[in-house]
Amino acid sequence: MRINYVPSTSHLIFPPIILGILIFLIVVMFIQKIIKCKKNNEKIFDYKNYTFFQKNWDKLKLIGTLVLFILYIKSMLIFGFLLSSIVFISLFNILFVGIQNNKKSLINSVAISSGFSVGIWFLFGYVFQITLP
């Protein structure tokens, strides 16, 4: 089987591959849960003792993540992938790790997000020849 790779149509190839991998991993996880439940004589679906959130869950991180994600998507349309990614990965890092009251952690956060964003931008833009927003 031969796949003809044309950069302008690569968006039609990668999502189905990723979707197939995700479906496979979900099936594997479900099989692992069934095996674990059979070993421990537990129900596979226990709705009476089910809670969606753990006790004392962090509301700020959940709501902050949702707000930042929506703003990130909106900002990509205005500022493009690279600038938006640098800013929002830094903000996500600050949200989850914090800045620990010093400049060094803030500089590290910006440096890591810059390096990661430029790396992804280069990989997709030049290696795979897939344009990013």
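The following paragraphs describe the helices, their packing and selected side-chain arrangements of a predicted model.

The protein contains four helices and zero strands, and the order of its elements from the N terminus is α-α-α-α. Of its 133 residues, 14% are buried. Among the contacts in the protein with a separation of 6 or more, 48% join residues that lie 24 or more positions apart.

Helix 1 spans residues 14–39 and is connected by a loop to helix 2, and asparagine 41 is placed in that loop. The backbone of asparagine 41 has a phi near 50°, a positive value in a residue other than glycine. Asparagine 41 has a relative accessible area of 73% and is therefore classed as exposed, the cut-off for that class being over 50%. Further along the chain, the charged end of lysine 59 is positioned over the ring of tryptophan 57, at 4.8 Å from the ring centre.

Helix 2, which runs over residues 59–79, is made up of 21 residues, and the distance from its first C-alpha to its last is 29 Å, close to the 30 Å expected at 1.5 Å a residue. The buried residues in helix 2 are Gly64, Leu68, Tyr72, Ser75 and Met76, and the elements covering them include helix 3. The axes of helix 2 and helix 3 come within 9 Å of each other and cross at roughly 170°. Because this crossing angle lies over 145 degrees, helix 2 is classed as roughly antiparallel to helix 3. On the side of helix 2, the contact is made by Leu60, Lys61, Gly64, Thr65, Leu68, Phe69, Leu71, Tyr72, Ser75, Met76 and Phe79, while helix 3 contributes Phe81, Leu83, Ser84, Ser85, Phe88, Leu91, Phe92, Leu95 and Phe96.

Helix 3 covers residues 81–97, and its end C-alpha atoms are 23 Å apart, which agrees with the 24 Å that its 17 residues should span at 1.5 Å a residue. Phe81, Ser84, Ser85, Phe88 and Ser90 are buried in helix 3, and the buried residues of this helix pack against both helix 2 and helix 4. Within helix 3, serine 84 has a relative accessibility of 2% and so counts as buried, for which the cut-off is under 20%. When its neighbours within four places in sequence are left aside, serine 84 is in contact with Tyr72, Ser75, Met76 and Phe79, and each of these four residues is also listed for helix 2 in its contact with helix 3. Helix 3 is followed by glycine 98, which has a positive phi near 90°.

Helix 4, comprising residues 103–127, has 25 residues and reaches 35 Å between its first and last C-alpha atoms, a value close to the 36 Å expected at 1.5 Å a residue. The buried residues of helix 4 are Ser105, Ser109, Ser113 and Ser117, and these buried residues pack against helix 3. Phenylalanine 124 also belongs to helix 4, but with a relative accessible area of 29% this residue is partly exposed. Not counting residues up to four places away in sequence, phenylalanine 124 touches Gln129, Ile130 and Leu132. One of these contact partners, glutamine 129, is located just after helix 4 and takes a positive phi of about 55°.

A search of the whole structure for aromatic pairs returns three of them. One of the pairs is formed by tryptophan 121 and tyrosine 126, whose rings are 5.7 Å apart centre to centre with 85° between their planes, an edge-to-face arrangement. The two partners fall into separate accessibility classes, since tryptophan 121 is partly exposed at 33% relative accessibility, whereas tyrosine 126 is exposed at 53%. Ring pairs also bring Phe122 into this arrangement, linking Trp121, Phe122 and Tyr126 into a cluster.

Terms used
Residues numbered from 1 in each chain as written. Predicted model: local features only at pLDDT ≥ 70, side-chain atom pairs only at ≥ 80, totals over all residues. Heavy atoms only, no water. Helix = DSSP H or I, 4+ residues; strand = E, 2+ residues; numbered from the N terminus. Expected span 1.5 Å × (residues − 1). Buried < 20%, exposed > 50% of the residue type's maximum accessible area, 1.4 Å probe, protein only. Contact = heavy atoms within 4.5 Å. Phe/Tyr/Trp six-rings, centres within 6.5 Å; stacked < 30°, edge-to-face > 60°. Lys NZ or Arg CZ within 6 Å of the ring centre and 35° of its normal. Axes fitted to C-alpha atoms, helices over the stretch in contact; angles between N-to-C directions. Parallel < 35°, antiparallel > 145°, perpendicular 65-115°, else oblique.
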